Amino acid sequence: MVTKQLGGLPEDADLRRADSLAREIFSDVANKWAFLIIEALGDSTLRFSELRDEVAGISHKMLTQNLRMLERNGLLSREVHPTVPPRVEYTLTEPGRALRATVDSMCGWTQRYLGHIEAARHRFDD
């Protein structure tokens, strides 16, 4: 069976394919914790504890998992300073900063339509 390609994209870039790398990456970064971490980092460099303070409600485990995933995907860099105790800092990479523009747009969209969505939910639930 031949899968029709979207605009001549390689198979790995076709989000419609269940086995595409693009879908895996999309799944990784399209979660609330990844969005909030990217937003919190912005243009700064933060330590783990500073990130945990910035992203209210995230557990130690979820922050660790998402930082590792973002690092694995090349969206942030992790620098370990040889101090006692070790100091670890996180910074967005160029692809991470590019994704931040999308995250910022999503945050703006959410703020703009929050009232509309809240009203729709009330109508639906009633």
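This text goes through a predicted model, from its sheet to its core and then to one buried polar residue.

The sheet is open and consists of three strands, ordered S1-S3-S2, with antiparallel pairing. Strands of a sheet pair through backbone hydrogen bonds, in either a parallel or an antiparallel sense. Strand S1 (45–47) and strand S2 (76–81) are the edge strands; each has a single partner strand, so one side of each is left without a neighbour in the sheet. From one strand to the next, the twist averages 30°. Between S1 and strand S3 (residues 87–92), the antiparallel pairing runs over three bridges. Thr45 has Thr91 in S3 as its bridge partner.

Helix H2 (residues 32–41) packs on this sheet and touches S1, S2 and S3. The direction of H2 makes about 95° with that of S3.

H2 also packs against H4, at an angle of about 75° and with the two axes 10 Å apart. Angles of 65 to 115 degrees count as roughly perpendicular, and H2 is therefore roughly perpendicular to H4. On the H2 side, the contact is made by Trp33, Ala34, Ile37 and Ile38. On the H4 side, Met62, Leu63, Asn66, Leu67, Met69 and Leu70 take part.

The largest nonpolar core has 23 residues. Within this core, the residues with the most contacts are Ile37, Leu41, Leu51, Leu67, Leu70 and Tyr90. Two or more residues come from each of H2, helix H3 (48–54), helix H4 (60–72), S3 and helix H5 (94–125). H2 gives the largest share of the core, six residues. Leu67 can be followed in detail: leaving out residues up to four places away in sequence, Leu67 touches Ile37, Phe48, Leu51, Leu76 and Tyr90. Ile37 and Leu67 are also both among the residues that make the contact of H2 with H4.

Asn66, a residue of helix H4, is a polar member of that helix contact. Is Asn66 buried or exposed? The cut-off for buried is under 20% relative accessible area; Asn66 has 5% relative accessibility and therefore counts as buried. What does the side chain of Asn66 reach? One partner is the backbone oxygen of Met62, at 2.9 Å. Another is the side chain of Asn31, joined to that of Asn66 by a polar contact of 3.3 Å. Not counting residues up to four places away in sequence, Asn66 touches Asn31, Trp33, Ala34 and Ile37. Of these, Trp33, Ala34 and Ile37 are listed on the H2 side of the contact with H4.

Conventions:
Residues numbered from 1 in each chain as written. Predicted model: local features only at pLDDT ≥ 70, side-chain atom pairs only at ≥ 80, totals over all residues. Heavy atoms only, no water. Pairing = 2+ DSSP bridges. Helix = DSSP H or I, 4+ residues; strand = E, 2+ residues; numbered from the N terminus. Axes fitted to C-alpha atoms, helices over the stretch in contact; angles between N-to-C directions. Contact = heavy atoms within 4.5 Å. Core = buried A, V, L, I, M, F, W, Y, C linked by side-chain atoms within 4.5 Å. Buried < 20%, exposed > 50% of the residue type's maximum accessible area, 1.4 Å probe, protein only. Polar contact = N/O pair within 3.5 Å; in protein donor to acceptor, adjacent residues only side chain to side chain. Parallel < 35°, antiparallel > 145°, perpendicular 65-115°, else oblique.
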